[in-house]
Amino acid sequence: MAAGLKTADRVVTVSHGYAWELKASEGGWGLHGIIKDNDWKLRGIVNGVDNKDWNQNVQLVMLGSGRPDLANMLRQFESQQHDKIRGWVGFSVKMAHRITAGWDILLMPSRFEPCGLNQLYAMNYGTVPVVHAVGGLRDTVQPFDPFSESGLGWTFESADSGKLSHALGNCLLTYREYKKSWEGPQRRGMALDLSWDNAALQYEEVLLAAKYQW
């Protein structure tokens, strides 16, 4: 990896925020020094959405896989609150599409997120994201401002349960009490060009710069 970083004509990662984080010891995992020395050829380009793949009839709720204790907790919550909580332990692309479209809010509290795709899928569907402002989540989810009626969702700056709760609380308040304002981030998210066409143009710029740099 170190040799590749040194000898490459250009280095591309999946968001501007993650490109910046790679230069710190926490994000560079021992390669941050080399990455900083080669900063001039580093570029972050946010991933695109396959609009054909993510455009169909829609519906419903929540899925994931990982730590067994969390999976068991999800099953327990569902059994205790069957009328409010549904969980799918595992993964299904078809179900992911339906769930993303059925949500009003996407909660994405990733500790690290090089790019993140779920917030892009969500905004494409008019689902409003609440995210931890790291990596590509910082790049793609501009904070909602009720005074200027701008922004795409709600963000919180550190991986802290209190800050997550505060951001989610503000989001829910807007959803419940200010329906007209709520439509703003929905409409702005759906109006974005999140396709691969946009990302591909940026990749082309990087490759052409590498080809003709000498």
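In the predicted model, the side chains of strand β6 divide between two directions: V128, V130 and H132 point one way, P129 and V131 point the other way, and all are buried. In a regular strand, side chains alternate between the two faces of the sheet. The strand is mostly covered, with five of its five residues buried.

Strand β6 belongs to an open sheet of three strands, arranged in the order β5-β6-β7 with parallel pairing. The edges are occupied by β5 (105–108) and β7 (154–156); each has a single partner strand, so one side of each is left without a neighbour in the sheet. On average, neighbouring strands of this sheet are turned by 10° against each other, direction ignored. Strand β5 runs parallel to β6 (residues 128–132) and is joined to it by four bridges. Along this pairing, L106 stands opposite P129, and L107 stands opposite V130. Helix α9 (residues 161–177) packs on the sheet, where it touches β5, β6 and β7. The direction of α9 makes about 165° with that of β7.

The sheet is part of a chain whose secondary structure comprises 11 helices and seven strands. The C-alpha trace spans about 65 × 40 × 35 Å along its principal axes. Of the 214 residues in the protein chain, 39% are buried. Among contacts with a separation of 6 or more, 65% are between residues 24 or more positions apart. The accessible surface of the protein chain is about 12,900 Å², and carbon and sulfur atoms account for 56% of it.

Helix α6 (93–102) follows a loop that starts after β4 (88–89) and contains S92. S92 counts as buried because its relative accessible area is 18%, below the 20% limit. The side chain of S92 reaches the backbone nitrogen of M95 at 3.1 Å. M95 is itself one of the buried residues of α6, together with A96, H97, I99, T100 and A101. An α-helix has 3.6 residues a turn, so residues three or four places apart point the same way. The cover over the buried residues of α6 includes β3 (63–64), β4 and α7 (118–124).

Two residues other than glycine have backbone angles of note. Most residues other than glycine have a negative phi. W29, however, has a positive phi of about 50°. W29 is found in the loop between α3 (25–28) and α4 (32–37), and counts as exposed because its relative accessibility is 75%. E149 likewise has a positive phi of about 50° and is not a glycine. The loop that holds E149 lies between α8 (135–140) and β7. E149 counts as partly exposed, with a relative accessibility of 33%.

E149 is also linked to helix α10 (residues 179–191), in which S181 lies. S181 and E149 are 32 residues apart in sequence, and their C-alpha atoms are 7.1 Å apart in space. A polar contact of 2.9 Å joins the side chains of S181 and E149. When neighbours within four places in sequence are left aside, S181 is in contact with F144, E149 and T174. S181 counts as buried because its relative accessibility is 16%, whereas E149 is partly exposed at 33%.

Cysteine residues were also examined. A disulfide is a covalent bond between the sulfur atoms of two cysteines. With a cut-off of 2.5 Å between cysteine sulfur atoms, the count comes to zero disulfides. C115 is buried, with a relative accessible area of 3%, and C171 is also buried, with a relative accessible area of 0%.

Key. Residues are numbered from 1 along each chain as its sequence is written. This is a predicted model: local features need pLDDT of at least 70, side-chain atom pairs count only at pLDDT 80 or more; totals for chains, interfaces and linings use all residues. Side-chain values use heavy atoms; hydrogens and water are left out. Buried means under 20% relative accessible area, exposed over 50%, partly exposed in between (1.4 Å probe, protein chains only). A polar contact is a pair of N or O atoms within 3.5 Å; within protein, one must be able to donate a hydrogen and the other to accept it, and residues adjacent in sequence count only if both atoms are side-chain atoms. Two strands pair if DSSP finds at least two bridges between them. Axes are lines fitted to C-alpha atoms, for helices over the stretch in contact, and angles run from 0 to 180 degrees between N-to-C directions. Contact means heavy atoms within 4.5 Å. Accessible areas come from the Shrake-Rupley method with a 1.4 Å probe; for residues, only the protein chains shown count as cover.
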